[in-house]
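Subject: Structure for you to look at

Dear colleague,

Here is the structure I promised to pass on, together with its sequence. Please open it beside this message, as the notes below are meant to be read with the model in view.

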Amino acid sequence: MQDGRWDWIAVHLDEIKDEALLRKIAQRANALGMHDWVLEHMDGYADTRTIEAAIEAGNWTWLGEHVWQFEDDLQEKIALAAAQAENWQWLYTYAGQISLSDCGDKIAIAAYQAGTQELALQLARRCLNSTQRENLANAAADDPEFLEQMSDILDAAYFGRLCLAAAQASDWQRVEKFAKFADNKNVAQMMELAIA
């Protein structure tokens with residue numbers, strides 16, 4: 001390591017049984033920014049610091065090539081960092097390959113608010129559960145066109161609640177737009193309000 005003979009180290013890694021020494025080698029390589037080398041020869045040692053260094057350096061190509069190898073929580077950390085950096089193209093390319101189970105709605109909402117509605121819809125269709133889809137729909141509540149694009153992936157009960165709230169606020173134009181997607185129970189209550 002002191003002589004920087006990383007090729008020699010790579011050849012002899014299999015002979016090293018000392019876990020502490022292996023960690024030291026990985027830490028030194030990571031500190032020198034040799035992320036590719038660590039992943040190629042010591043992929044089990046690509047730690048959070050390696051990923052954070054790649055994010056800070058804006059090395060999205062490297063992250064895209066290797067993101068599938070990481071644990072779910074690290075994949076989500078990378079996806080959130082991509083959203084924060086507004087790297088929507090990266091998310092278009094890799095979102096379908098990684099875990100977004102705990103942060104998909106945050107990323108979809110950020111994409112929607114940044115004007116990248118197509119990505120928000122892609123995430124809603126491929127990566128979000130029903131609760132996360134509703135979170136996205138709530139963030140886009142004032143955008144009837146976007147809500148209509150989500151109509152096939154949102155529950156009828158969601159549209160029922162949306163229309164009932166609109167009816168209670170006497171926003172009949174909104175009710176008229178979304179009543180066709182609503183569930184029967186809420187439609188009945190809306191009819192009572194309309195008659196009243």
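A residue is called buried here when its relative accessible area is under 20%, exposed when that area is over 50%, and partly exposed in between. By that cut-off Cys163, at 1% relative accessibility, is buried, whereas Cys127, at 21%, counts as partly exposed. Please keep in mind throughout that this is a predicted model, and that the values below are computed from it.

Since you may well ask about the cysteines, I will begin with them. A search of the whole structure finds zero disulfides. A disulfide is a covalent bond between the sulfur atoms of two cysteines. For Cys127, the closest cysteine sulfur is that of Cys103, which lies 9.4 Å away and is therefore too far for a bond.

On the overall fold, the chain has 14 helices and zero strands, so to describe its order from the N terminus on is simply to write α for each element in turn. The radius of gyration is 24 Å, while a compact globule of 196 residues would have one near 16 Å. Along the principal axes, the C-alpha atoms of the chain fill a box of roughly 85 × 30 × 20 Å. Of the 196 residues in the chain, 45% are buried, and the accessible surface comes to about 11,100 Å², with 45% of that belonging to carbon and sulfur atoms. When contacts between residues at least 6 apart in sequence are considered, 47% of them join residues at least 24 apart.

Turning to the interior, the largest nonpolar core has 53 residues, and the members that touch the most other members are Leu63, Ile78, Trp90, Leu91, Leu136 and Met150. Helix 12, which spans residues 156-168, gives the most to this core, with seven residues. If you would like one residue to centre your view on, Ile78 touches Ile51, Ile55, Trp60, Leu63, Val67, Phe70 and Trp90, leaving aside residues up to four places away in sequence. There is also a second, separate core of 12 residues, which includes Trp6, Ala10, Ala29 and Trp37.

Two of the residues just named bring me to the aromatic rings, for which a search of the whole structure finds nine aromatic pairs. Trp6 and Trp37 form an edge-to-face pair, with 5.1 Å from centre to centre and 70 degrees between the planes. This pair links distant parts of the chain, given that Trp6 is in helix 1 (residues 6-12) and Trp37 is in helix 3 (residues 35-42), 31 residues apart. Both Trp6 and Trp37 are buried.

A pair with another geometry is formed by Phe159 and Phe178, whose ring centres are 5.7 Å apart and whose planes are at 25 degrees, so that the pair is stacked. It too links distant parts of the chain, with Phe159 in helix 12 and Phe178 in helix 13 (residues 172-178), 19 residues apart. Phe159 is buried, with a relative accessible area of 0%, and Phe178, at 1%, counts as buried as well. Together with Tyr158 and Phe181, Phe159 and Phe178 form one aromatic cluster.

With best wishes

How values were computed
Residues numbered from 1 in each chain as written. Predicted model: local features only at pLDDT ≥ 70, side-chain atom pairs only at ≥ 80, totals over all residues. Heavy atoms only, no water. Disulfide = S-S within 2.5 Å. Buried < 20%, exposed > 50% of the residue type's maximum accessible area, 1.4 Å probe, protein only. Core = buried A, V, L, I, M, F, W, Y, C linked by side-chain atoms within 4.5 Å. Helix = DSSP H or I, 4+ residues; strand = E, 2+ residues; numbered from the N terminus. Contact = heavy atoms within 4.5 Å. Phe/Tyr/Trp six-rings, centres within 6.5 Å; stacked < 30°, edge-to-face > 60°. Rg over C-alpha atoms; globule rule 2.2 N^0.38 Å. Areas by Shrake-Rupley, 256 points an atom, 1.4 Å probe, with all protein chains shown as cover.
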